[in-house]
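Q: Hi! I'm new to this one and would like a quick tour. Could you put it up and start with the terms I'll need?

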Amino acid sequence: MSKNNNKYSTIDYGSYLGLDKLLDAQKLRSKDLQEIPAHDELLFIIVHQSYELWFKLIIHELESVIKVFKTNRVDEKNLGTSIARLERVSEIQKLLLDHLAIMETMTPLDFLDFRNYLFPASGFQSFQFRKIENLLGLDEASRVSYGGYHYSSPFSEEQQKELFSIKETGTLFDVMEDWLERTPFLQFRDFDFLKYYRKAVEKMISKEQEAIKMSSYLSEKEIQMRLRMLGSTDTYFESILNPEVHQKMMEEGNFRLSYKASLAALLINLYRDEPILHPPFKLLMCLVDIDSNMTSWRYRHAQMVLRMLGRKVGTGGSSGHDYLKSTGDSHHIFKDLHNISTLLIPRSELPELPPALKEQLSFTYSSSINK
Ligand code: HEM
């Protein structure tokens, strides 16, 4: 057998990692276009390239998790693996946030040494970034557009097809919503979660109203204001207690997650101390973390852009800081999972689960295994 055909043939560090190609991929425009190359352009390129490498891994992890959840029944073992992969995505995002601090070691004046050579290149043209947004399930309707450009406009027809097909084949949002809708235990024999929850909420709200009314340090005006504020939280409770209110709020664009999935997410959050619900709760936390990290990055990047460019427009033609900041406000994906916190009630008010259901929700150990 020749050496090349042997699958166990040795390999060296450089060729395994493709370092020749990788380390030859930093082409400074300022080196080609001016007498003295701009010192910081290498930093600028490497930070962006690092992002793209990490984006590649994030896509790899998200695609694998979506694949697992597309099956109708998620195996317990796969749930653990999926959580680990989503936690990995979250850790990568945190690292990427820190990359911006490295970028900021370049001053705005140093940036001007080569910025002119970048037009019209821009992060707006990062295909992998758009792929991540679509894999996570960013809603088309909530996208902020700038100057009438669609986010897909910089890409080839083939790339656009790939981006749009993600919506058809299923996003992380879609598969998680389906999975939540399949959550058992909302109705268990004569235990109706919603019925018990309603009672607990009513008790909690009347206690809060009483506490406000009895307060000796609030003026009458303040008492009325606090009671009104409490009333606005009621709308959220109504949305989970009444499917029609939820439907209306969905139509008005206030909610995205289906009623059934929202109810399941609430149950998982409230009874997360029950052993069987630990992994689902962890999974929901991963989604909230990933969404928060994405938003933190958007604001942090917008802040960096303000520092670097002030009020200059971006090389891609946007209003720069203002456009980016508005994406932080509206490009949320799992906002409904954040909003579950509004619906939480203290553990002390939580309806007691029937013993048979409690048993179903715990890990049962059979001593006969050791016999
Ligand atoms: C000096 C550093 C940077 C500056 C001044 C900057 C500036 C901008 C500006 C002005 C935009 C808006 C589009 C435009 O008009 O061009 C933008 C978008 C973007 N940038 Fe940056 N950027 C910097 C670094 C980075 C880095 C390190 C990344 C990492 C990949 C990045 C990724 C993006 C992405 C993904 C968008 C599109 C965001 C969206 O449309 O939601 N940028 N950048």
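A: Sure! A salt bridge here is a side-chain nitrogen of Lys or Arg within 4 Å of a carboxyl oxygen of Asp or Glu. This is a predicted model, where local features need pLDDT of at least 70 and side-chain atom pairs count only at pLDDT 80 or more, while totals for chains, interfaces and linings use all residues. Residues are numbered from 1 along each chain as its sequence is written, and side-chain values use heavy atoms, with hydrogens and water left out.

Q: Why would side chains pair like that?
A: Side chains of opposite charge can pair when their charged atoms come close.

Q: How many salt bridges does the count come to?
A: The count comes to 17 salt bridges.

Q: Cool, which residue does Arg130 meet in a salt bridge?
A: Arg130 meets Glu133, at 3.0 Å from N to O. They sit three residues apart in helix α7, so about one helical turn separates them. Helices are DSSP runs of H or I with at least four residues, strands are runs of E with at least two, and both are numbered from the N terminus.

Q: Are Arg130 and Glu133 buried or exposed?
A: Both are buried. Buried means under 20% relative accessible area, exposed means over 50%, and partly exposed is in between (1.4 Å probe, protein chains only). For Glu133 the value is 0%.

Q: What else forms a salt bridge with Glu133?
A: Arg298 does, with the closest N and O atoms 2.8 Å apart. That pair links distant parts of the chain, as Arg298 is in helix α14 (residues 278-309) and Glu133 is in helix α7, 165 residues away. Salt bridges that share partners join Arg130, Glu133, Arg143 and Arg298 into one network.

Q: Switching to helix α5: what does Glu91 pair with?
A: Glu91 forms a salt bridge with Lys94, and their closest N and O atoms are 3.1 Å apart. Glu91 is partly exposed at 48% relative accessibility, and Lys94 is partly exposed at 39%.

Q: And Gln93, buried or exposed?
A: Gln93 is buried, with a relative accessible area of 9%. Gln93 lies in helix α5 (residues 76-103). Leaving out residues up to four places away in sequence, Gln93 touches Ile58, Asp289, Ile290, Asn293 and Met294; contact means heavy atoms within 4.5 Å.

Q: Last topic: where is the cis peptide bond?
A: The cis bond joins Phe119 and Pro120, with omega about -10°. Pro120 is in the loop between α6 (108-112) and α7 (127-136). Most peptide bonds are trans.
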